[in-house]
Amino acid sequence: MFLFLLIAMVVVVAAVTLAVIGGGDRAVLTDTAPEQLVDPLPETRPVGRADVEAIRLPVGARGYRMADVDDVLSRLGAELAERDARIAELEAALAGAYATAVSSPDLFEKPAEGSDQ
């Protein structure tokens, strides 16, 4: 058992040494560019469900990048606030039109059915 552990340790040390020294001038692992947020949210039309589902936030060393998440959530919050304001405006206009229609005096009058009266 001791001989097996000794051989395994020698193999591991040799592999690590070859990986560190044997690389020469090139790096063992290549540097990768950090992920950047590709913002799929449209600028020219309202955000839809498919747009939200298409968002892929870049992952940092300890999870998602807070600035990217904050930007996306701020934008979605602004879109929702704008949409809510528009809905409230349309509901108010509809209520006003309904109130005008209900308060008109000819609402319950029968329309004239021809000229023979």
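**Exercise 1. Work out how glutamate 89 and arginine 86 are placed relative to each other, and what links them.**

Step 1. Start with the helix: both residues sit in α3 (residues 66-103), three residues apart, so about one helical turn separates them. Helices here are DSSP runs of H or I with at least four residues, strands are E runs of at least two, and numbering goes from the N terminus.

Step 2. Recall the general rule: with 3.6 residues a turn in an α-helix, residues three or four places apart point the same way.

Step 3. Now look at the atoms. The closest N and O atoms of the pair are 2.9 Å apart, and that makes a salt bridge (a side-chain nitrogen of Lys or Arg within 4 Å of a carboxyl oxygen of Asp or Glu). Searching the whole structure turns up one salt bridge.

Step 4. Check exposure. Glutamate 89 comes out partly exposed at 48% relative accessibility, and arginine 86 is partly exposed too, at 44%. The cut-offs are under 20% relative accessible area for buried, over 50% for exposed and in between for partly exposed, with a 1.4 Å probe and protein chains only.

A word on the source: this is a predicted model, where local features need pLDDT of at least 70 and side-chain atom pairs count only at pLDDT 80 or more, while totals for chains, interfaces and linings use all residues. Residues are numbered from 1 along each chain as its sequence is written, and side-chain values use heavy atoms, leaving out hydrogens and water.

**Exercise 2. Find what the buried residues of α3 pack against, and trace the core.**

Step 1. List the buried residues of α3: Asp68, Val72, Arg75, Leu76 and Glu79.

Step 2. Look across from them: they pack against α2 (49-53).

Step 3. Pick out the largest nonpolar core, whose five residues are Leu41, Val47, Ile55, Val72 and Leu76. Such a core is a set of buried Ala, Val, Leu, Ile, Met, Phe, Trp, Tyr and Cys residues joined through side-chain atoms within 4.5 Å.

Step 4. Zoom in on leucine 76. Skip its neighbours within four places in sequence, and its contacts (heavy atoms within 4.5 Å) are Leu41, Val47 and Val52.

**Exercise 3. Decide whether helix α1 is buried or lies in the open.**

Step 1. Count: zero of the 20 residues of α1 are buried, so the helix lies largely in the open.

Step 2. Take methionine 9, which belongs to α1. Methionine 9 is exposed, at 54% relative accessible area.

**Exercise 4. Sum up the fold of the protein chain.**

Step 1. Tally the elements: three helices and two strands.

Step 2. Put them in order from the N terminus: α-α-β-β-α.

Step 3. Finish with burial: 10% of the 117 residues count as buried.
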